[in-house]
Number of protein chains: 2
Amino acid sequence: MDEGVRWLSAQEQQWWRAYLRATRELDLALDRDLQCLGLSLSEYELLSMLSEAEGARLRMSALAALIVQSRSRVTHTAARLERRGWVRRSPAPDDGRGVLLELTEQGRDALEGFAVAHVASVRRHLVDVLTPQQLRGLGEAMQAVRDAYAQDPTTPAEPAGPC
Amino acid sequence: MDEGVRWLSAQEQQWWRAYLRATRELDLALDRDLQCLGLSLSEYELLSMLSEAEGARLRMSALAALIVQSRSRVTHTAARLERRGWVRRSPAPDDGRGVLLELTEQGRDALEGFAVAHVASVRRHLVDVLTPQQLRGLGEAMQAVRDAYAQDPTTPAEPAGPC
DNA sequence: CGTGCATAGTTGAAGCGTCAACTAGACCCC
DNA sequence: GGGGTCTAGTTGACGCTTCAACTATGCACG
């Protein structure tokens, strides 16, 4: 039965499960550590990408692509952060449709505190629990996954669902 | 400024980011592939763990621990699956507080189809895009993360938030 | 045996993410 | 230069997840 299906070998399955569970645990732990300070991980990522950008500002869609979130989600998240005064919208000068999101001074100040907590969290739950070789192996595998994902023709990232 | 903080090296940051983005992309891709069939990845995980259990039944809390979800979330998810007839509740014989969740025949049938699609998805987006060595490196690193997480005293998994 | 505390699971409200529909500006091209 | 189409972003409704509060049972200790 089901002859055509290439199931995973026991070893492959073990690694796949380790990946699946560990990512859930990591996400939980990292988010919990930031949540204590009143910020979610995805909000942190948004602020953090802005802070590294040229002029601390980015187009909404560029931001969405960077942090791998839907444009809609970025709109909502940005609205929340804007209410807190950490981020500001302005029209894009070169494209009437576009919106630039900019980190405010207040936002930069807040981010400093978050960054300290976050890097400690990343170390505690990931970087410092691995040997340098393990971290390298992880990083290289994940980069390969990204490269494949970027190539994949059925990676619409947004538009027409492929159902 | 911020002398006490051990920031990540450029290399460490690169690997950390590769991990962070790739997990988001993978989650998206795997969930999308299942979503087309009308099931979410976390629902799949629940059904799949039940199917592998002794007698295709598990205690709610055991299930929650296995798939790394909160007990509350498992309650809600199980309710959804129960409405679809794929899962059934019964009181635990040995503990008056406990509840056993059991895969129904209908559930097992449905799961077969989902499993075929899911394994193809896992291969396409993860297993088959990596060399065996890369997959092994990934698996071992993630297992190390899990081990560290299990050891960590501030891993309440549920109770009193450590804020 | 009964008081106190821990554990198992549920519940409902609030918040976040997704999805489809929508507005508006750009681009193409005859 | 006015359709047709594509891209950028927003909106609101719906659904899932989280969180805190709650019920009920087990367990320890006097």
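Biologist: Which of the 21 residues around DNA strand D come nearest?

Modeller: A:S61, A:T75, A:R89, B:S72 and B:R73 come nearest. Sugar and phosphate make up 69% of the strand D atoms that come within 4 Å of the protein. Bear in mind that this is a predicted model, where local features need pLDDT of at least 70 and side-chain atom pairs count only at pLDDT 80 or more, while totals for chains, interfaces and linings use all residues. Residues are numbered from 1 along each chain as its sequence is written, chains are lettered from A and ligands numbered from 1 in the order in which they are written, and side-chain values use heavy atoms, with hydrogens and water left out.

Biologist: What makes a residue "near" a strand?

Modeller: One of its heavy atoms has to lie within 4 Å of the strand. By that rule 21 residues surround DNA strand C, with A:S72, A:R73, B:S61, B:T75 and B:R89 the closest. Of the strand C atoms within 4 Å of the protein, 66% belong to sugar or phosphate and the rest to bases.

Biologist: What makes the pair between B:H76 and a base oxygen of DNA strand D a polar contact?

Modeller: The base oxygen is 3.2 Å from an N or O atom in the side chain of B:H76, and that passes because a polar contact is a pair of N or O atoms within 3.5 Å (within protein, one must be able to donate a hydrogen and the other to accept it, and sequence neighbours count only if both are side-chain atoms). B:H76 also has a side-chain N or O atom 3.1 Å from a base oxygen of strand C.

Biologist: Which residues sit by the phosphates of DNA strand D, and at what distance?

Modeller: B:R80 puts a side-chain N or O atom 3.0 Å from a phosphate oxygen of DNA strand D, and B:G96 has a backbone N or O atom 2.8 Å from one. On strand C, a polar backbone atom of A:G96 is 3.0 Å from a phosphate oxygen, and a side-chain N or O atom of B:S61 is 2.6 Å from one.

Biologist: Which helix gives the most to the surface near DNA strand D?

Modeller: α4(B) does, with five residues. For strand C, the largest share, also five residues, comes from α4(A). A helix here is a DSSP run of H or I with at least four residues, a strand is a run of E with at least two, and both are numbered from the N terminus. Chain A comes to six helices and three strands, in the order α-α-β-α-α-β-β-α-α.

Biologist: How do the residues near DNA strand C divide by class?

Modeller: Two are nonpolar, eleven polar and eight charged. Ala, Val, Leu, Ile, Met, Phe, Trp, Tyr, Cys and Pro count as nonpolar, Asp, Glu, Lys and Arg as charged, and the others, Gly among them, as polar. The surface near strand D also divides into two nonpolar, eleven polar and eight charged.

Biologist: Why is α3(B) called roughly perpendicular to α4(B)?

Modeller: Their axes come within 9 Å and cross at roughly 105 degrees. That makes α3(B) roughly perpendicular to α4(B), because 65 to 115 degrees is the perpendicular range, under 35 is roughly parallel, over 145 roughly antiparallel and the rest oblique. Axes are lines fitted to C-alpha atoms, for helices over the stretch in contact, and angles run from 0 to 180 degrees between N-to-C directions.

Biologist: Which residues of α3(B) and α4(B) meet?

Modeller: B:M60, B:S61, B:L63, B:A64 and B:I67 in α3(B) meet B:R71, B:V74, B:T75 and B:A78 in α4(B), contact meaning heavy atoms within 4.5 Å. Six of those residues are nonpolar, two polar and one charged.

Biologist: How are α1(B) and α5(B) placed, by angle and axis distance?

Modeller: Helix α1 (residues 10-35) and helix α5 (residues 105-125) of chain B have axes that come within 9 Å and cross at roughly 150 degrees. That makes α1(B) roughly antiparallel to α5(B). The contact includes B:L26, B:A29 and B:L30 of α1(B), with B:F114 and B:H118 among the α5(B) partners. It divides into six nonpolar, three polar and two charged residues.

Biologist: Why are α1(A) and α2(B) called oblique?

Modeller: Helix α1 of chain A and helix α2 (residues 41-52) of chain B pack at about 130 degrees, with their axes 14 Å apart. The two helices are therefore oblique to each other. A:Q13, A:R17, A:L20, A:R21 and A:R24 meet B:L41, B:E45, B:S48, B:M49 and B:E52, giving three nonpolar, two polar and five charged residues.
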